[in-house]
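Q: Could you walk me through how to read a few features in a structure like this?

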Amino acid sequence: MLIAADKFKGSLTAVEVAERVTAGLRRVVPGLEVEALPVADGGDGTVAAAVAAGFERHERLVAGPLGQEVTAAFALRGDTAVVEMAEASGLQRLPSGVFAPLTASTYGSGELLRAALDAGARTIVFGVGGSATTDGGAGMLSALGARFLDEDGEPVPPGGGGLADLARVDLSGLDPRLSGIDLVLASDVDNPLTGPKGAPAVYGPQKGASPDDVAALDEALSHFVDVLEAETGPRAVEYAAAPGAGAAGGIGYGALLLGARFRPGIEVMLDVLGFAPALERASLVITGEGSLDEQTLHGKAPAGVAAAARAADKEVVAVCGRLALPPAALGRAGIRRAYPLTEVEPDVVKCIADAGPILERVAEQIARDFLS
């Protein structure tokens with residue numbers, strides 16, 4: 001039995017999901033052999049999943065999205081690091097109810113990348129998602145040695161809004177170690193940087209951006225690309241249109257400028273976490289996340305787990321808080337059956353508050369259906 005589920009956002013971490021499912025299964029089948037491999041798709045929870053798989057957690061003081069000092073972590077095993085941009089620059093790093101769509105910066109994410117280099121990383125999996133920022137990765141690049149200057153030769157203000165004042169880019173000071181590593185951009189988002197499907201238009205409103213803010217950010221990021229094109233040539237424009245450039249407020253664009261290669265986040269994480277050998281040992285796979293919906297089918301962790309399991313001819317069921325997919329869609333994704341918490345407790349508020357005990361009851365039902 002293999003449990004490879006993502007977090008139930010706002011209720012349970014991926015590790016807690018695995019613990020609760022294990023407890024429920026063993027209540028029906030005492031002594032059941034269970035292997036837990038918490039997973040993530042590159043967004044928040046990615047470092048925690050890596051640590052659960054045997055990576056070592058390393059903490060550093062870095063700048064949060066508003067410049068405040070925060071304690072953020074990356075994971076390291078051998079010379080492979082997993083860096084999660086949300087640890088430094090995520091929405092959870094903003095004060096409750098506070099958004100800063102024009103001024104939030106990814107500087108702290110660059111500091112985390114530099115810390116991973118300092119720790120000896122030669123391969124860095126850079127998981128991006130859940131960002132509070134829309135700065136095209138300019139803050140991250142600044143922390144790694146780039147300079148973004150206005151007409152007077154002064155640094156532009158932090159955040160995407162400040163890029164409207166950009167007159168000159170100097171990349172000569174970028175950390176030279178970056179050229180000798182394998183940087184993998186791991187994301188479930190393949191949007192371009194700008195335009196109707198770009199970072200400001202699609203994700204800006206989630207970060208508090210008004211329609212005027214979205215327009216200003218899109219214009220500022222387009223200007224950012226133009227100035228970079230003058231400095232670095234046509235690749236700056238090519239990268240802006242590439243899949244993943246718009247990930248996490250455009251930090252994907254900054255990563256591509258550093259030579260990163262884009263891969264779907266769940267595929268990368270399954271490789272890093274050692275999913276294939278665990279799958280070989282499994283007779284049944286349990287995956288899941290808080291909400292199984294249309295988004296799940298587009299690169300989220302349960303879809304990636306189910307696709308890999310189906311390729312290995314392994315049966316998959318899913319647990320979730322809320323189910324918004326019909327059986328046919330689940331079947332096409334490779335999921336035999338889904339078990340939502342709301343099947344046990346119809347009150348959604350109670351499901352969120354008491355997710356752990358309810359999930360154990362759901363797991364008991366899975367054991368009765370598949371193991372008895």
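**Salt bridges and a sheet**

A: Happily. Arg177 makes a good start: its relative accessibility is 34%, so it counts as partly exposed. Do keep in mind that this is a predicted model.

Q: Which side chain does Arg177 meet in a salt bridge?

A: For a salt bridge, look for a Lys or Arg side-chain nitrogen within 4 Å of a carboxyl oxygen of Asp or Glu. Here the partner is Asp118, at 2.8 Å from N to O. Asp118 sits in helix H4 and Arg177 in the loop between strand S8 (168–170) and S9, so the pair ties together parts 59 residues apart in sequence. Asp118 is exposed, with a relative accessible area of 54%.

Q: Which residues are linked in a network of salt bridges?

A: Follow the shared partners from one pair to another. Arg20, Arg27, Glu360, Glu364 and Arg368 are linked this way. Within that group, Glu360 and Arg20 have their closest N and O atoms 2.8 Å apart. Glu360 belongs to helix H15 (residues 355–370) and Arg20 to helix H1 (residues 14–28), so this pair joins parts that are 340 residues apart in sequence.

Q: What is the strand order in the open sheet of 6 strands?

A: Read across the sheet from one edge to the other: S3-S4-S5-S6-S9-S10, with mixed pairing. Strands S3 (56–63) and S10 (261–264) each have a single partner strand, so one side of each lacks a neighbour in the sheet. Neighbouring strands are turned by 30 degrees against each other on average, direction ignored.

Q: How many bridges join S9 to S10?

A: There are 4, and the two strands run parallel. One of the pairings is Leu185 with Phe262 in S10.

Technical notes: Residues numbered from 1 in each chain as written. Predicted model: local features only at pLDDT ≥ 70, side-chain atom pairs only at ≥ 80, totals over all residues. Heavy atoms only, no water. Pairing = 2+ DSSP bridges. Axes fitted to C-alpha atoms, helices over the stretch in contact; angles between N-to-C directions. Buried < 20%, exposed > 50% of the residue type's maximum accessible area, 1.4 Å probe, protein only.
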